[in-house]
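Me: Please take a close look at one part of this model with me. I'd like to begin with one pair of neighbours and then see how the rest of the structure is put together around other elements.

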Amino acid sequence: MFDVEWYVQQVGHALSDEAALEDYVRRGRRAGLSPAPFFEPSVFDSSWKKRLEDPFALFLRNGALRRKARWHGAVVLADGAIETGTEGSYRRPPEDWPSRVDVDGRITSGEIRWSTARQCLLELAAEWRRGEDDRTAASRSGGRPSQERSFLEAMEAHRAPPARPEGPVVSVIMPTWNRQASVGRSIRSLQAQTFQDWELLVVDDGSTDDTLSVLEGYAHFDGRIKVTAAQRMGVGAARNRGISEARGEFVAFLDSDNTWEPRFLELSLKGAIATGARASFSSIALVGSGGTSYRVGGGRRQQLLVGNHVDLNALLVDRSLLLSVGGFAEDLRRTGDYDLVLRLSEHGDLTFLPFVGVVYDDDDRAGLSDRISVREPLTWDFVTRYRHLVRWSDAALDDLGLHVAMTTGGPRWTTAMSVASVLQQAPQDTDVRLVIRGGSRADAMALGLLGLVDERLEVSRTVVDVGVPLALDLAACRSGRPTTLLMTPGAVFDEGALGRLLEALKPGVVAAQPVLRDGRDLVVAAGTAVTGGGQLFPLLIGHATSDLPTVETEVPAVYGGPLLVPTDRLRAGGGLDPLFAGRLASTDLSLRLAREEGASRSVVVGSSGAQEFGESWEPALARTDAGVLRGRHDLRGPQTDVLRQRDLVVSSLDTHLHRDGVADVRPVLHRPTRSVQTGPAAGMPSLRWSIITAAPAGPSGTTWGDKHFGEALARSLRRLGQDAHVYAREARERRNGYLDDVRLTLRGLDPLVVDPARLNLLWVISHPEAVTDVELRSADAVFSAGRPWAAQASRRRGSPVSFLPQCTDRSVFAPPRAGEPTGQPPRLFIGNSRGVARPSVAHLLGAGVPIDVVGGGWSGLVERQHIKGTYITNDRLTSAYWNAGLVFNDHWADMREHGFFSNRLFDVAASGGCVITDYLEGLEELLPGSVRSWRTPDELLELASQDPTDLFGTAEDRRGRAESVATEHSFDARATVLLEAAARLVDAKMQQG
């Protein structure tokens with residue numbers, strides 16, 4: 001069972017069978033390494049670190065847990081893969097054993113041989129090990145370099161280079177700006193060097209303090225020091241100015257707030273000559289309140305691409321090599337040293353000299369707020385790597401097809417969902433490239449296997465997190481398709497949304513994005529807007545999507561979210577700028593592309609939606625993005641019409657600080673008071689309504705009746721001139737709730753949340769037993785879908801609770817204009833079981849009367865032949881109701897007790913269906929002729945045996961009653977009642993104060 005070849009790939013060096021097993025027992029299992037490619041400890045048992053027992057031993061010993069739990073994050077073996085048939089005896093899965101890729105249950109491949117999956121995992125493990133070796137090559141260790149003593153002893157046999165008639169051996173470059181307090185200490189550390197054949201070229205970069213005077217004082221007494229006073233030009237240009245005047249064979253760099261150890265130059269020169277190194281560097285010591293650590297090793301190019309292991313103050317470089325690579329990049333405001341080191345590494349590895357040459361006071365450096373490393377964004381590191389990692393293809397583009405660039409962010413399952421949605425909706429002529437951003441070994445293995453799911457998908461990995469923009473550039477740079485989609489982490493397209501987005505990329509459009517929602521179904525990215533003063537801000541963040549147009553809308557720039565662009569424009573623009581850490585990277589890109597193209601437009605496609613799963617990928621580094629954007633683009637221009645269309649006005653701007661430190665600018669909006677001008681509600685106030693439902697956000701919420709109920713009611717309110725929006729239970733409290741005039745809670749499982757500054761209406765449509773006295777008394781008005789409960793609640797509240805029964809959506813539920821019902825199936829029940837046999841179904845099947853059942857949770861309660869599905873969409877329901885011979889319904893005990901009529905009764909009646917239900921007082925009077933009820937099982941069986949025509953009349957009779965139901969019990973009728981009540985309350989409040 002223990003797979004030695006697999007384990008050796010993870011540890012990175014050869015081991016015998018016995019040594020590998022011993023290493024696993026002693027070290028590997030505690031480090032989370034896997035003993036077999038089909039077994040991942042962190043997936044099988046998330047608490048394995050806390051257990052004394054080895055997770056693999058638990059796996060083998062506990063058969064019940066083994067059969068129930070997942071073994072791996074991405075591999076599922078067919079049953080019987082490791083069992084031999086003898087209790088307690090196991091085997092490795094046979095090579096031809098059926099398996100499949102299944103990443104956390106979110107994306108699944110077809111059947112593959114285990115040998116194929118195992119070989120892929122072996123390759124992924126080897127790649128991960130190489131990356132880990134590169135990542136840890138220059139680790140911060142607790143002790144000095146292990147080879148320092150032997151290095152120092154060896155250097156005793158070497159002489160320092162002799163003096164040169166044409167100039168000093170070493171030129172030391174020192175840029176400085178406002179360092180009057182520290183520059184003297186740096187110079188004295190140079191003067192104290194054991195090797196003295198040097199020149200110091202100091203370039204004062206426009207200091208405004210006494211730095212220049214301090215420098216001139218040192219230069220007066222030491223002829224080796226040359227000071228150049230320059231206008232402010234930046235640290236890269238200042239260093240290049242010094243390099244241009246250098247005469248030494250070698251060049252070293254000393255910053256004006258750092259110091260060298262006395263033998264730094266001596267040992268660096270001896271080491272360079274002894275090894276033949278044209279570029280070498282020493283170890284550095286970092287001293288802080290937490291102790292001293294040492295940065296050691298890591299001079300190979302592949303190691304340096306993972307991270308900068310070479311401190312500029314510890315570097316010694318041959319001047320001819322330095323000149324050949326062009327010195328420092330002057331446009332890099334930070335990490336110019338990293339860029340130089342990477343360009344030097346293109347000519348050969350940098351040699352590590354194992355001695356401590358530089359000592360840093362980490363605490364002291366951290367307190368210098370004017371340091372570049374404090375002033376400038378950390379993302380300059382990503383900009384530097386971009387220059388060395390990203391190579392945009394210049395190959396001719398195909399005539400057709402799509403390239404999708406993707407990366408990771410958040411939990412692994414969110415990436416799997418995102419990839420699945422793209423593969424399901426993308427055209428066949430699509431290439432997908434996923435770049436995994438660092439992460440754990442388990443994630444690397446699981447997500448790496450996605451390449452076996454679909455031949456259109458290619459997966460690669462960066463050893464460390466390189467940020468979303470750089471990862472997407474890496475995924476996009478080899479695109480040969482005419483169109484490229486940049487997918488943000490965790491984004492999952494709504495059904496058909498990708499196709500609608502593709503249709504929007506017409507000539508003249510340089511960027512198109514869908515409306516992206518968060519986990520609460522609120523807008524997280526939908527383009528931008530601009531104030532009259534030129535302040536750009538994300539459009540309608542935190543709003544319901546109903547606040548946005550459903551058509552294509554031109555915006556000044558896109559903002560975050562999946563982004564569709566022409567590939568030729570993406571190439572010319574150089575992709576996303578990694579200087580931006582967050583969503584504004586796409587804003588910057590669309591502004592650049594529009595500027596280059598002149599009259600080109602960016603659009604938000606309102607009919608194309610996506611949801612972002614997991615936590616937002618926006619990192620804390622993004623807090624500097626807004627300042628970078630303002631410094632780069634002139635944002636003055638026409639304001640978007642979206643806000644005006646919604647009667648929303650920007651009254652001020654507010655800086656919103658997130659919990660993780662990210663700040664963004666959001667508008668404070670205002671909705672002017674006005675009256676409805678036309679229609680049945682003319683003259684009444686036009687109010688903004690938030691309708692709070694009990695349905696959860698996301699795809700699961702679309703199957704809840706509460707969701708459809710709320711949306712239908714909102715449409716009716718809009719027809720009455722109201723501005724109505726529906727929110728999931730997770731969005732009951734929102735940052736933009738101040739815009740609401742009315743908060744209408746459709747009471748289900750969740751209690752009323754009152755906003756004292758709004759008008760609070762409560763409509764109890766289910767779970768009346770859960771409604772508290774506090775809720776009843778807190779609401780400004782209460783409505784009940786059950787008449788008996790309304791009377792009871794009125795007494796508890798101390799004021800009237802209005803009876804307002806449920807209703808139907810006449811735009812969905814209506815009989816066909818002509819034709820007869822098919823009568824099939826003869827008997828139909830639609831509804832979930834909630835784990836119990838519903839009375840109508842139980843009584844009928846118990847008496848041998850067949851009935852078709854559609855709903856969830858019926859498996860095991862009724863025989864399989866009676867279950868016809870788990871869910872039926874609203875657009876198919878009306879046909880099912882009309883055609884069925886008899887539609888059966890019954891009420892949950894709490895609903896029946898309090899007289900709450902099921903909304904299904906209204907839908908069936910409005911469809912012209914024949915519905916039979918359990919008895920509730922007043923029901924047949926409310927829906928005369930459309931409903932027949934029973935009190936006993938015998939009455940139910942009697943009704944079930946009759947001809948529908950005898951009970952409900954002809955098709956024309958049913959159509960006539962359906963029209964009456966649709967008129968009297970429509971959402972339009974209920975919306976009118978609610979609006980009238982709200983208008984009275986608003987008027988009363990205005991009169992009071």
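In which sense do strand β32 (residues 781-784) and β33 pair, parallel or antiparallel, and over how many bridges?

Reply: Happy to. This is a predicted model, so local features are given at pLDDT of at least 70 and side-chain atom pairs at pLDDT 80 or more, while totals for chains, interfaces and linings use all residues. Residues are numbered from 1 along each chain as its sequence is written, and side-chain values use heavy atoms, with hydrogens and water left out.

Strand β32 and β33 run parallel to each other, joined over two bridges. Pairing here takes at least two bridges found by DSSP, and the elements are DSSP runs (helices: H or I, at least four residues; strands: E, at least two) numbered from the N terminus. Within this pair, F783 faces S802 of β33. Both strands belong to an open, parallel sheet of six, ordered β29-β28-β30-β31-β32-β33. At its edges stand β29 (723-727) and β33 (802-803), each with a single partner strand, so one side of each has no neighbour in the sheet.

For another set of pairings, turn to strand β10 (residues 279-288). Eight of its 10 residues are buried (under 20% relative accessible area; exposed is over 50%, partly exposed in between; 1.4 Å probe, protein chains only), so β10 is largely enclosed by the rest of the structure. Its pairing with strand β13 (residues 351-361) is parallel, over eight bridges, and L286 sits opposite Y360 there. With strand β12 (residues 315-318), β10 pairs in the antiparallel sense over three bridges, where S280 is opposite L316. Strand β11 (residues 291-295) is also antiparallel to β10, over five bridges, with A285 bridging to Y294; two residues separate β10 and β11 in this hairpin.

From β12 we can step across to helix α14 (residues 336-345). Nine of its 10 residues are buried, so α14 too is largely enclosed by the rest of the structure. Among the buried ones are D339 and R343, alongside G336, Y338 and L340. Their cover includes β12 along with β9 (250-253), α12 (301-306), α13 (319-324) and α17 (380-389), in contact through heavy atoms within 4.5 Å.

Helix α2 (residues 17-28) gives you something to set beside it. Here A20, D23, Y24 and G28 are buried, and these residues pack against α1 (4-11) and α4 (55-61). On the other side of α2, E18 and R26 are exposed.

Now for the nonpolar cores, meaning sets of buried Ala, Val, Leu, Ile, Met, Phe, Trp, Tyr and Cys residues joined through side-chain atoms within 4.5 Å. The largest has 114 residues, and those with the most contacts inside it include F38, I107, L450 and F493. Helix α6 (residues 114-135) supplies the largest share of this core, eight residues. Leaving aside residues up to four places away in sequence, F493 touches L485, M487, L498, L501 and P514, among others. Apart from this core lies another, of 45 residues, including L746, V764, L776 and V986.

A last note on cysteines: the structure holds zero disulfides (a pair of cysteine sulfur atoms within 2.5 Å). C477 is buried at a relative accessible area of 6%, and C914 is buried at 0%.

Technical notes
The expected span of a helix is 1.5 Å times one less than its number of residues.
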